[in-house]
Structures are given as C-alpha cells and as structure tokens.
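Work through the exercises below with the sequence and the 3D structure open beside you, and try each task before you read its solution.

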Amino acid sequence: MNNYICIAGDQGTVTFSNDKGVSWQNSAQAQSLINYRGVHFADTSFGAAVGDAGDAVIYHWVGGLGWAHIPSAQTNKFNAVACYKTSPSIFADGFAMAVGDTGIISTYSSGSWTNLTPPTTKNINGIYLFSDNVTVLAVGQHGLIMRSPDFGGSWVTLNNTGYTLRDISEGLTPNQIIAVGDSGAVFVSNDGGNTFVENTVGFNTTNLKGVSAKDPRGAFAGSGNVLRVFTSDTLSITYVSDSVLCPGDNFKVAIDLKGLFGTGNTVSLQLSDSSGTFAAPTTIGSILNPVAIDTISGTMPGNTKACLLYRLRATS
C-alpha cells in the first residue's frame, strides 16, 4: 500500500495515485455535485469514498480494478467510512461501513449497501475499525462515543456529553485509542476502546478535525491552518563506557532520544544513592541540545562509597 494514495473532497473529487503522488487520476464514477467526506482503503484492490446524500463510489474488481458508482439508499450525508477484506485476492470484493448525519449507518458487501437501524439521532463523524474486522468505534455530535462488537449489529454508548468529536484513530500503544473534536476535545482510551477519559492538552481554542497517531509521534489537524503535534518522547541510556567506576573517574554514556525535545533541551546524567534509589539523585554530567544519538560525559563524585547498587539514569 506504500505507493497508493487516495483523496476525497468537494465537487466530485475522488482522486487516486498509485505512484506516491507523482501522478493522479480522478474517478470518472464520482458525482460532480457530491462533496465526498470520507475515504478508506482495505488494500490496493478495495476501497470506498462516501459523501453527500448517502453517495458512494467503490474501488474494486469489475472486469479489472476500477471505480464503480454504488450509492446507498440513505438521504443524509455520510461523513466517514471504514473498509476491510477477508481475502487477499484482487478478484474478491470487500466490506465497508459508512456513518453519517442523524446517526445513519450502512454496510457494504457483494455490490450493494444495507441500511442499519440508527443507534442514535446524533451526527456520527468518525469511525475506527479494529483488526478483527467486527469491532467498531464511532464518534460524533455532543461527545458521542459508541462501540459495536458485531460490525454495527448492536452498539454501546460509552460517552454522550461534551463537545462534538470529529475523528478517531489508533494511538501510540497497542491498546490506545484517541478521539478528537471541537474546542480542543481529546478523549483517550488505554484499554482498547472500552473506556475513555477526557484529556486537557491546551488546544481549547482550536477545533480538532482529524487525528493520526503513530509511534514515536502523532498530530492533531485543527481549524485555522493549525497543526498540533504531540509526541511520545523517550530517552534511554544504551551504553556505559566502563562497568567499574571509582571516585573521581571520568566516563561516557550513550543516549538515544526519540520524539520532539525542542531547542534549549538539557539532558542530565544522574547517579542514584548507594541503595539504588533516585529519591535524592546527584547530577554528574549533562549535555545541551543533544542529537538523537549522542553521548554524555560523567564524573563520579569524590565521596562515592564502594557499593554494587548504584544506578544511572538520563533525564530531560
């Protein structure tokens, strides 16, 4: 999938590139009067774009790989779609779920859409499909967060108050899910999307429209040409030049930094007490503005007692 890009937008824009964006071709099946609001691909042979008035175009095998105009029977607009396939064959059709205004939900299979009973009257704006291809999370109006264990057959409401949520994505760890929305709303789950906690991260003047979280960093896309970046910063010691150190000895440690640490960042090398705890650490070296892989020079204090329990750590 690394060479493939698909974008969707207003006035029938569903544009596809299979060469990392060097060249683009618009779908002839996309309707010029439709604003397409969501797009997702399961693999290089199946994807969908959805938009106004329940409209959809499907990319799949129809005598060759290409787009087909296959609208649903919905009259309200779709806002998001998630796709998957059960077979790697390019000839095999896939499955999709589209969600939209006033709680509409439709599922696609075998060349047609089926409208499901809306679980809410609120607008649903974003959808996340787990790798099991049956568990779904959806977010929407007034802080709505819902979970379905059976691809939309039934739903449990996890949150129903707050600012409107616009998007939802996997997080920085295997069990983390992040949802974002208006007035800087950020909800985080660390248990695989079973429960969510609202986070305050300083975006309260920005409406967050989208989220993508990949290790070691992610980004919130917001209104007003704003891109908010958050990081999962890590700092670790990877090597110590000597394992036996005496009072006054000079030595070096190698450090590895991942994330965004910014200008003016000082990394300090600290020594524990003789019991191995850092309740009152001693700073024995530091470096200003280190690069991703760097070294710190340290000096053992002259009053260091003989002991095998000393530990080192790097802090920023």
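**Exercise 1. Describe the largest pocket by its volume, its lining and the strands that contribute to it.**

Step 1. The largest pocket holds about 750 Å³ of space. On a 1 Å grid over the protein atoms alone, a pocket is an open set of points where a 1.4 Å probe fits, with protein on both sides within 12 Å along at least five of seven lines, and a lining residue has an atom within 4 Å of a point. Grid points are joined across faces, edges and corners, and the volume is the space filled by probe spheres set on the points.

Step 2. The lining of this largest pocket consists of 30 residues, and those closest to its centre are His-40, Val-81, Ile-127, Asp-167 and Ile-168.

Step 3. Two or more lining residues come from each of the strands E4 (36–43), E8 (78–84), E12 (124–129), E16 (165–170) and E20 (208–214), and E4 gives the largest share, with seven residues. Strands (E, at least two residues) and helices (H or I, at least four) are DSSP runs, numbered from the N terminus.

Step 4. Sorted by class, the lining of the largest pocket has 14 nonpolar, nine polar and seven charged residues. Here Ala, Val, Leu, Ile, Met, Phe, Trp, Tyr, Cys and Pro count as nonpolar, Asp, Glu, Lys and Arg as charged, and the others, Gly among them, as polar.

A word on the source: this is a predicted model, in which local features need pLDDT of at least 70 and side-chain atom pairs count only at pLDDT 80 or more, while totals for chains, interfaces and linings use all residues. Residues are numbered from 1 along each chain as its sequence is written, and side-chain values use heavy atoms, with hydrogens and water left out.

**Exercise 2. Describe the second largest pocket in the same manner.**

Step 1. The volume of the second largest pocket is about 390 Å³.

Step 2. Its lining has 17 residues, and Ser-243, Val-244, Leu-245, Cys-307 and Tyr-310 lie nearest the centre.

Step 3. The classes in the lining of the second largest pocket are twelve nonpolar, two polar and three charged residues.

**Exercise 3. How many helices and strands does the protein have, and what share of its residues is buried?**

Step 1. The protein has zero helices and 28 strands.

Step 2. Of its 316 residues, 44% are buried, where buried means under 20% relative accessible area, exposed over 50%, and partly exposed in between (1.4 Å probe, protein chains only).

Step 3. Among the contacts with a separation of 6 or more, 41% join residues 24 or more positions apart; a contact means heavy atoms within 4.5 Å.

**Exercise 4. Place Phe-196 in the structure, and decide whether it is buried or exposed.**

Step 1. Phe-196 sits in the loop between strand E18 (186–189) and strand E19 (197–199).

Step 2. Because its relative accessible area is 16%, Phe-196 is buried.

Step 3. Apart from neighbours within four places in sequence, Phe-196 touches Leu-137, Ile-145, Leu-158, Ile-168, Ile-177, Phe-187, Val-188 and Ser-189. Ile-168 is also one of the residues closest to the centre of the largest pocket.

**Exercise 5. Which accessibility classes do Thr-102 and His-142 fall into, and what is notable in their phi values?**

Step 1. Thr-102 belongs to the loop between strand E9 (95–100) and strand E10 (105–109), while His-142 belongs to the loop between strand E13 (136–140) and strand E14 (144–148).

Step 2. Thr-102 has a phi near 55°, a positive value in a residue other than glycine, and the phi of His-142 is likewise positive, near 55°.

Step 3. Thr-102 is partly exposed because its relative accessibility is 36%, and His-142 is partly exposed because its relative accessible area is 40%.

**Exercise 6. How confident is the predictor in this model?**

Step 1. The average pLDDT (the predictor's confidence in each residue, from 0 to 100) is 89, and 90% of the residues score at least 70.

Step 2. Over residues 216–220, however, the pLDDT is below 50, although in the model this stretch has 31 contacts beyond near neighbours in sequence.
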